[in-house]
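I opened the notebook to record what I looked up in this structure, going from single positions to the chain as a whole.

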Amino acid sequence: IDVDYIIDAGQLEQFIEDKTYIVSPMILTTERPDKVASLLFEGRIAILVSGSPNALIVPAVFPDFMHSTEDLYMRYPYSALIRFFRIPALILSILLPGLYLAIVLFHQEMIPTDLLFAIAAAREKVPFPLFIELLIMEISFEIIREASLRTPEPVGPTLGIVGTLILGQAIVSASVVSPILIIIVALTGISSFAVANYSLNYTFRILRFIYIFLGYFAGFFGIAGGIFVNL
């Protein structure tokens, strides 16, 4: 690596990974010494940068990003149960908004009749197409999440919770979005917090928007094609 300086392990990660344009992380980054030690026992390599709190673990495979360090300290039935709930959360955080678009726009026959009438009645006064409606809510949620991270620590959680509640209630009252879409976006956002690794969390946030576009333009066919390419 021919550079003048490297300040943090995150910069080194970008230099040594094989494909920087792929959204999925290829190097595991962690600040926990116990996680580094457990992976060293499995034969991995840890790279440390002087002055950086992060360690880079190579090689990394997908299950490494899904496992939390606390899983090692619990009895197998407990950790297996937690992982069992973590996988549906992973799927919901990526695919739920795109699947909602695909079902409502292309595959209405999959929705029970009463629920279909409820969705149509909720969207009756909304002036925007469903795609624009979903983008408004997803972008608003991402802005609130980013703002809560950048504000001072005592204020951040309060800003996130209060901002989301007030904004959601105001948007529904103003008939800008339908109430069921608030549920979809909220469930997606909550599911994303169950992802154990923050790099993987960013990956899912990017992929979510890709699957929204695929679901809007091609329904289940587009989402299936996206999953195929993704895998």
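Which residue in E3 does Ile47 stand opposite? I looked along the strand pairing of the model, which is a predicted one, and found Leu56 in E3 opposite Ile47.

**Entry 1, the sheet.** I followed this pairing outwards and noted that E2 and E3 are joined by 4 bridges and run antiparallel. On the other partner, I counted 3 bridges between E1 and strand E3, residues 55-58, and this pair is antiparallel as well. Here I wrote down Leu28 as the residue that stands opposite Ile57 in E3. Put together, the 3 strands form an open sheet in the order E1-E3-E2, with antiparallel pairing. Strand E1 (28-30) and strand E2 (45-48) are the edge strands, and because each has a single partner strand, one side of each is left without a neighbour in the sheet. I also took the twist, and on average neighbouring strands of this sheet are turned by 30 degrees against each other, direction ignored.

**Entry 2, the hairpin and the helices on the sheet.** Between the strands of the hairpin of E2 and E3 I found 6 residues, and in this hairpin Gly51 takes a positive phi near 90 degrees. I then asked what packs on the sheet, starting with helix H1 (residues 9-16), which touches E1, E2 and E3 and whose direction makes about 30 degrees with that of E3. Helix H2 (residues 33-41) also lies across E1, E2 and E3, and I noted that H2 runs at about 140 degrees to E1.

**Entry 3, helix H8.** I went on to Thr188, which lies in helix H8, residues 179-192. Is Thr188 buried or exposed? Its relative accessibility is 0%, so Thr188 counts as buried. Leaving out residues up to four places away in sequence, I listed what Thr188 touches as Leu92, Ser93, Leu96, Pro97, Glu138 and Arg208.

Ile184 lies in helix H8 too, and with a relative accessible area of 12%, which is under the 20% cut-off, Ile184 is buried. Setting aside neighbours within four places in sequence, I found Ile184 in contact with Leu96, Pro97 and Tyr100. I also checked Ile184 against Leu92, and their C-alpha atoms are 9.5 Å apart in space although the two residues are 92 apart in sequence.

**Entry 4, Ser140.** This residue lies in helix H6, residues 130-150, and since its relative accessibility is 17%, Ser140 counts as buried. I compared its place with that of Glu124, which is 16 residues away along the chain, and the two C-alpha atoms are separated by 22 Å.

**Entry 5, the whole chain.** How many helices and strands does the protein chain have? I noted 9 helices and 3 strands, and from the N terminus on the elements run α-β-α-β-β-α-α-α-α-α-α-α. The C-alpha atoms fill a box of roughly 60 × 45 × 40 Å along the principal axes. Of the 231 residues in the protein chain, 39% are buried, and among contacts between residues at least 6 apart in sequence, 67% join residues at least 24 apart. The accessible surface comes to about 13,700 Å², and 70% of this belongs to carbon and sulfur atoms. Last, I recorded 13 positive and 20 negative side chains, with the centres of the two sets 6 Å apart.

Key. Residues are numbered from 1 along each chain as its sequence is written. This is a predicted model: local features need pLDDT of at least 70, side-chain atom pairs count only at pLDDT 80 or more; totals for chains, interfaces and linings use all residues. Side-chain values use heavy atoms; hydrogens and water are left out. Buried means under 20% relative accessible area, exposed over 50%, partly exposed in between (1.4 Å probe, protein chains only). Contact means heavy atoms within 4.5 Å. Accessible areas come from the Shrake-Rupley method with a 1.4 Å probe; for residues, only the protein chains shown count as cover. Lys and Arg count as positive and Asp and Glu as negative; His and the chain ends are not counted. The place of a charge is taken as NZ of Lys, CZ of Arg, CG of Asp or CD of Glu. Two strands pair if DSSP finds at least two bridges between them. Axes are lines fitted to C-alpha atoms, for helices over the stretch in contact, and angles run from 0 to 180 degrees between N-to-C directions.
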